[in-house]
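These are my notebook entries on a structure that I had not examined before. I set down what I looked up, entry by entry.

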Amino acid sequence: ILAMKKTSKHEGEVFVNGQQRGVLFPRIAAYVSQEDFMPAYWTVEEAIRFNAVLKRQPQRKHQAVDGWVDLLLSAFSLGDLADSRIGGMETRGISGGQRRRVTLARGVAAHASLLFCDEPTSGLSATDAELCVKALRTVSKRLGVLCFVVIHQPRHEVAQLFDDLVLLTTNPGRMAFCGPMGSAEGYFAEHDCPVPANVNPTDHYMDLLTPGTRLDKANDLVAAFARSQKQGIDMQVSEALDSPGQTVEEMLQAEGERVGRRPYAVGFCKQLATILRRKVRLLLRNQMALVLPLVVPMVQGCITGFMFKGIGERGLLRQVMFAFCLLTMLCLAGTMSLITIVTDRILMKHEAEERLYCEGVSALASFFVDAPLALLGALLNVLIMVRIAGLEQEVFLTVLAWALLLFVVYDSLFAFVGAVARDTRQAQILATPFISVFMLFNGFVISKTDAPAALHWIFDISPNAYAMQSIVVVMADNFVPTTFDGMLEKSQVQEQFPDGAHERRGLVLMLLMVAVLRTGQFVGLKWCNNVQR
């Protein structure tokens, strides 16, 4: 709630310097969640620099980003790991404790006045937990950052690193103590809850404030807080509200920053350039992500092309079957990208929540990097298949144009589904009906004359139908039968795929579908699957 991240219903007001937070609050505050969301092929230095570039204005102190990043690497004891990869399931990297320190350093990289840390030591060893908290204390003292840390059962050495302590009961959260860490033991002793010998004080406090435990005194301590501390805190709050300090906007102006109406520290172009740079760098490092979208289509093209080798000199129905197989492969090719799309979206949502960049930047970066790579793979697939199959030049150009246009439509469809689906499984479920219906209603598997009249409208919106019809019409026009069976085949095909004003209508429809789906992708990235807290 304090960090402005709570998505579930809640009540109350939060003030900064006696002023309402406002939309600019993320510019002076940073939030570190319990999870570490970072690309596996990032280096430690790049991860910290990423936040430093997107969250800091050049007019501020520590103007040199290089010096600022070096300072953070030193403060969090990460200097020797600057060029090490973050790591993950795909590649080896740094340890869990080191990843946590990188995440904390990214939060501090914004040079925020407030840093909120949600269980930063969760899942870490006692040694790593102490290193993390020591690093936070160092940064807090050296840079004047106010750190709010939620932590459960820290060992005594870790607890003593904090200046102040706030204790809340569980279910519901009620305040039981608020004051200096050094005075906590004396306070509890005064209220008949002394810390036993050889017992970690923080463990003792948790036992006292957890309802249902053997030492449960939550209600008594809440009542004691109301008698001894609450009035003083209320007075401090009233005084702060009566004499408010600078607004968030004034704080930013005092630091020499450009202050607009948006919560982002840098402009759209700077965001896009930074995301594109990271995307290209990570793609070049992950050889499988770069090679597979190209090699797999090429192998498929070779296999399928040899299956239909010399098809240009054979019957027309055989050529129609080739066109159907080619378009079907292109429709299904995009399903491989759904896992990557959903994975990238999850990372984007956590970064966009920190106001590092807007969702539209992520969509554009994907359109400029991922889409061309996938289109290149589709182009190689079609070129290889058509060349090995031996189609005539005029037919070849028609097949190439409509096949690539159809691929762009389906690539946009998968981008939209990946933006709105909750996970990969749901994305596949959402995409399957569109793929199966459009593939069936393509004029070859199911023709308009065979389909019920109530379903004729599907042919009018099926991109597969327009692509198939445009390709087959050109194939039929260029096919010269030499036998009676050949003449019969041509007659049957022309009857099933009549020539008409379908090309222009199909082109307009498919371009419109691309525009609508890409717009839907932008909307989905903005409003769907937001991080819930």
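Entry 1. Terms and model.
Before naming any element, I fix the vocabulary: helices are DSSP runs of H or I with at least four residues, numbered from the N terminus. I also note that this is a predicted model.

Entry 2. A nonpolar patch.
I looked up Ile303 and found its place in helix H12, which covers residues 287-307. Is Ile303 buried or exposed? Its relative accessibility is 52%, and exposed means over 50%, so Ile303 counts as exposed. I then asked which residues make the nonpolar surface patch of about 420 Å². I recorded Val291, Val295, Val299, Ile303 and Met307 as its members.

Entry 3. Strand S6 and its partner.
I turned next to strand S6, residues 164-168. As a general point, side chains in a regular strand alternate between the two faces of the sheet. I checked S6 against this and found alternation along it. Leu165 and Leu167 point to one face and are buried. Asp164, Val166 and Leu168 point to the other face and are not buried.

I then looked for the pairing of this strand. S6 is joined by 5 bridges to strand S7, residues 175-180, and the two run antiparallel. Which residue of S7 stands opposite Leu167? I found Phe177 in that position. For Leu165, I recorded Gly179 as the bridge partner in S7. The two buried leucines of S6, Leu165 and Leu167, thus have their places in the pairing noted here.

I also inspected the connection. S6 and S7 form a hairpin, with 6 residues between the strands. In the turn, I noted that Asn171 has a positive phi of about 50°.

Entry 4. Other positive phi values.
I looked up two further residues with this backbone feature. Ser77 is not a glycine, yet its phi is positive, at about 55°. I located Ser77 in the loop between helix H2 (65-75) and helix H3 (96-108). Asn198, also a residue other than glycine, has a positive phi near 60°. I placed Asn198 in the loop between helix H6 (184-190) and helix H7 (201-209). Its relative accessibility is 84%, so I list Asn198 as exposed.

Entry 5. Asn219.
I found Asn219 in helix H8, residues 218-228. I list Asn219 as exposed because its relative accessible area is 53%. I then asked how far Asn219 is from Leu209 in space. The C-alpha to C-alpha distance is 8.2 Å, and the two residues are 10 apart in sequence.

Entry 6. Salt bridges.
How many salt bridges does a search of the whole structure find? I recorded 20. I followed three of them.

I began with Glu351 and Arg106, whose closest N and O atoms are 3.5 Å apart in their salt bridge. Glu351 lies in helix H14 (residues 338-353) and Arg106 in helix H3, so this pair ties together parts that are 245 residues apart in sequence. I noted that both Glu351 and Arg106 are buried.

I went on to Glu130 and Arg155, which form a salt bridge with the closest N and O atoms 2.4 Å apart. Glu130 lies in helix H4, and Arg155 in the loop between strand S5 (146-150) and helix H5 (156-159), so the pair ties together parts that are 25 residues apart in sequence. I list Glu130 as buried because its relative accessible area is 15%. Arg155, by contrast, is partly exposed, with a relative accessible area of 33%.

For the last of these pairs, I looked up Asp344 and Lys279, whose side chains meet in a salt bridge at 3.9 Å, N to O. Asp344 lies in helix H14 and Lys279 in helix H11 (residues 268-285), so this pair ties together parts that are 65 residues apart in sequence. At 33% relative accessibility, Asp344 counts as partly exposed.

Entry 7. The surroundings of Glu130.
I returned to Glu130, whose helix H4 spans residues 126-143. Its side chain also makes a polar contact with the side chain of Arg155, at 2.4 Å. Which residues does Glu130 touch, not counting those up to four places away in sequence? I recorded Arg155, Glu157, Val158 and Leu161. I closed by noting that Glu130, Lys134, Arg155 and Glu157 are linked in a network of salt bridges.

Key:
Residues numbered from 1 in each chain as written. Predicted model: local features only at pLDDT ≥ 70, side-chain atom pairs only at ≥ 80, totals over all residues. Heavy atoms only, no water. Buried < 20%, exposed > 50% of the residue type's maximum accessible area, 1.4 Å probe, protein only. Pairing = 2+ DSSP bridges. Patch = residues over 30% accessible without salt bridge, like charges linked within 9 Å, V, L, I, M, F, W, Y side chains within 5 Å. Areas by Shrake-Rupley, 256 points an atom, 1.4 Å probe, with all protein chains shown as cover. Salt bridge = Lys/Arg side-chain N within 4 Å of Asp/Glu carboxyl O. Polar contact = N/O pair within 3.5 Å; in protein donor to acceptor, adjacent residues only side chain to side chain. Contact = heavy atoms within 4.5 Å.
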